[in-house]
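Let's practise reading a protein structure together. Take a look at the sequence and the model, then try each exercise before you read its solution.

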Amino acid sequence: MKFIPYLFIFFAVFSACSQKNEPVKVQLTDTIWKQKLSPEAYYVLREKGTEKPYSGKFLFHKENGYYTCAGCGNRLFESNAKFDSHCGWPSFDEQISASSIRTQTDRSLGMVRTEITCANCGGHLGHLFDDGPTETGKRYCVNSLSLQFEPMNESHLDTLILGGGCFWCIESVFDEVKGVKEATSGYTGGVADQVTYEEVCSGKTKFIEVVSVVYDSTQISTLELLKIFFTIHDPTTLNRQGADVGYQYKSAIFYKNDAQKKLAVACIQKLAKDQVFDQPIVTELFPFDHLVPAEEYHQDYFEKNPNNAYCKAVIQPKRDKFEKSFKELKK
Ligand SMILES: [Zn+2]
């Protein structure tokens, strides 16, 4: 799981503070909630009840997919965040996004706890504890009655291969995009099965630095990903991004099917027509053949090296640009 605990905590806290006084989006009358929910789910979600330990249907559930709010369908947790806590309730170490869940102090039953509620409908989910055994240190203790399960349909997963200069930058941004399951730095465009960073850096191979973006097309569209791509890199400089110069820094899209190719062409034509850039777009399109994953030290480079000068000077501004332009598409 790609993750920086303190960054996450900051976002979680920031999110909770900023949303504290905002009304939730789904507001129904009690009568309608009672019609919509079973009496047991109503008791937990709307009356802050707690199901008996070891009674919930999701306690030992292990399928791949999303756990959603039983009140409104809001996605709350991914299955890969679930772990066995032996506490009697389904437990998760990370919420799906900073904006999916709200927290508030709960002083009931003579204890001080952190209550968690659905950010969309205000439904009670359970409590959040700081005793999690994984790297996040968090334990979201959730009632099964507050949850529903949406199986992951693998056919919804698609891949887009993007070259926009240094892969550290592109990967770092796409890791933050909602619906992106995995962003991997690698090399493509050449014929060899293997190639090293040093060989690619020579600019003499046909390989260029790319990022393979695996995404859930029910959560984000290819077009939205392309819009982000054209915002965070400069598609008008041939074989170059800023100070990074060489064939390997080419602006390119490697399409996996005709639909992706058509979309990329249409996107470039629209940007040109709207004169979004002062100079002509030089992004090249190629059919995708194979990806050579980059060496391990290139993966998650920004997360591994937050104090590196390049990360601060080059990558951070691209992350800022994404956050500013696509706030609603951030994880
Ligand atoms: Zn909800």
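The exercises below go from the whole chain down to single residues, and the model they use is a predicted one.

**Exercise 1: The whole chain**

Task: Describe the overall make-up of the protein chain, and find which domains it is assigned.

Solution:
- Step 1. Begin with the secondary structure: the protein chain holds nine helices and 17 strands.
- Step 2. Next, look at the extent. Along the principal axes, the C-alpha atoms fill a box of roughly 70 × 40 × 35 Å.
- Step 3. Now divide the chain. The domain assignment gives domain 1 (5-151) and domain 2 (154-329), and the C-alpha centres of these domains lie 35 Å apart.
- Step 4. Finish with burial and contacts. Of the 331 residues, 33% count as buried. Among contacts with a separation of 6 or more, 69% come from residues 24 or more positions apart.

**Exercise 2: A six-stranded sheet**

Task: Work out the strand order of the open sheet of six strands, and say which strands are at the edges.

Solution:
- Step 1. Read across the sheet: the order is E3-E4-E8-E7-E6-E5, and the pairing is antiparallel.
- Step 2. Look for strands that pair on one side only. These are the edge strands, E3 (82-83) and E5 (101-106).
- Step 3. Zoom in on one pair. Strand E4 (residues 91-92) runs antiparallel to strand E8 (residues 139-142), and two bridges join them. For Ser91, the bridge partner in E8 is Cys141.

**Exercise 3: Checking a helix length**

Task: Test whether the span of helix H7 (residues 258-273) agrees or disagrees with 1.5 Å a residue.

Solution:
- Step 1. H7 has 16 residues, and at 1.5 Å a residue it should span 22 Å.
- Step 2. Compare this with the model: the end C-alpha atoms of H7 are 22 Å apart, so the two agree.
- Step 3. Look just past the helix. Gln275 follows H7 and has a positive phi, near 50 degrees.

**Exercise 4: Two loop residues with positive phi**

Task: Locate Leu109 and Asn239, then decide whether each is buried, partly exposed or exposed.

Solution:
- Step 1. Leu109 sits in the loop between E5 and strand E6 (113-118). Leu109 is not a glycine, yet its phi is positive, about 60 degrees.
- Step 2. Count neighbours: Leu109 has 8 C-beta neighbours inside 10 Å, so it counts as exposed.
- Step 3. Asn239 belongs to the loop between helix H6 (222-232) and strand E13 (240-241). Its phi is also positive, near 50 degrees, in a residue other than glycine.
- Step 4. Asn239 has 18 other C-beta atoms within 10 Å, so it is partly exposed.

**Exercise 5: An enclosed helix**

Task: Find out how many residues of helix H4 (residues 167-174) are buried, and what they pack against.

Solution:
- Step 1. Eight of the eight residues are buried, so H4 is largely enclosed by the rest of the structure. Among them are Phe167, Trp168 and Phe174.
- Step 2. List the surroundings. The buried residues of H4 pack against strands E10 (157-164), E11 (180-188) and E12 (208-216), and against H6, H8 (301-304) and H9 (309-325).
- Step 3. Focus on H9. The axes of H4 and H9 come within 9 Å and cross at roughly 35 degrees, and the crossing is right-handed.
- Step 4. Name the residues that meet: Trp168, Cys169, Ser172 and Val173 from H4, with Val314, Ile315, Lys318, Arg319 and Phe322 from H9.

Conventions:
Residues numbered from 1 in each chain as written. Predicted model: local features only at pLDDT ≥ 70, side-chain atom pairs only at ≥ 80, totals over all residues. Domains from an automatic or database assignment. Pairing = 2+ DSSP bridges. Helix = DSSP H or I, 4+ residues; strand = E, 2+ residues; numbered from the N terminus. Expected span 1.5 Å × (residues − 1). Buried ≥ 20, exposed ≤ 12 C-beta atoms within 10 Å, placed from the backbone. Contact = placed C-beta atoms within 7 Å. Axes fitted to C-alpha atoms, helices over the stretch in contact; angles between N-to-C directions. Left-handed = near helix turned anticlockwise from the far one by under 90°.
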